[in-house]
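Trainee: I should like to work through this structure step by step. May I put my questions to you while we look at it together?

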Amino acid sequence: MVGGQRVLTEGWVGHARGPGSIDPDSGLGYGAHWWLWPAFPDALVAQGYDGQLVIVLPSRRATVVHLGQWSAAMRESLMGVMADLVAMLPAGGGERHG
């Protein structure tokens, strides 16, 4: 919802959180073109080239973006840094629309 107006159709976010597959290397689920992060169950994650990330966290009313360049070999380290950052954000207060 933006300004009280629905942007996505009702039920779309729930559909996006339904994992269609699991990446055996990272353990992340994948659903409706978004990665799902088990450590943060409401998160939707978009991953781009060389470590670019967009993490949408409705329960924390936050979006975290990483535009720096990290090699594939550093992916696990980057995800650890991002998990630490997300964990520092206050939980609760987010609205869920689904």
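Trainee: In the hairpin of S4 and S5, which residue takes a positive phi?

Mentor: This is a predicted model, and in it strands S4 (residues 44-47) and S5 pair in the antiparallel sense over 4 bridges. Their hairpin has 5 residues between the strands. The residue there with a positive phi, near 55°, is Asp50.

Trainee: Which residue in S5 does Leu44 stand opposite?

Mentor: Strand S4 covers residues 44-47 and is paired with S5. Opposite Leu44 in S5 stands Val56.

Trainee: Which side chains of S5 are buried?

Mentor: The side chains alternate along S5, pointing to one face and then the other. Val54 and Val56 share a face and are not buried. The buried side chains, on the other face, are those of Leu53, Ile55 and Leu57.

Trainee: How many bridges join S5 to S6?

Mentor: S5 and S6 form a hairpin with 4 residues between them, and Arg61 in the turn has a positive phi of about 50°. Within the pairing, Ile55 stands opposite Val64 in S6. The two strands run antiparallel, and the number of bridges joining them is 5.

Trainee: On which side or sides of H2 do its buried residues lie?

Mentor: Helix H2 spans residues 75-88, and its buried residues are Leu78, Met79, Met82, Ala83 and Val86. They cover an arc of only 140° around the axis, so they lie on the same side of H2. Asp84 and Met88, by contrast, are exposed on the other side. What covers the buried residues includes strands S5 and S6.

Trainee: How far does H2 reach from its first C-alpha to its last?

Mentor: H2 has 14 residues, and at 1.5 Å a residue a reach of 20 Å is expected. The model comes close to that, with a reach of 20 Å.

Trainee: Is Pro19 buried or exposed?

Mentor: Pro19 lies in the loop between helix H1 (12-16) and strand S1 (21-22). Leaving aside neighbours within four places in sequence, Pro19 is in contact with Gly29, Tyr30, Gly31 and Leu36. Its relative accessible area is 53%, and the cut-off is over 50%, so Pro19 is exposed.

Trainee: Which element has the highest mean pLDDT?

Mentor: The protein as a whole has a mean pLDDT of 82, although pLDDT stays under 50 over residues 94-98. Among the elements, strand S2 (residues 29-31) has the lowest mean, 77. The highest mean, 91, belongs to strand S6.

Methods. Residues numbered from 1 in each chain as written. Predicted model: local features only at pLDDT ≥ 70, side-chain atom pairs only at ≥ 80, totals over all residues. Heavy atoms only, no water. Buried < 20%, exposed > 50% of the residue type's maximum accessible area, 1.4 Å probe, protein only. Contact = heavy atoms within 4.5 Å. pLDDT = per-residue confidence, 0-100. Expected span 1.5 Å × (residues − 1). Arc of directions from axis to C-beta. Pairing = 2+ DSSP bridges.
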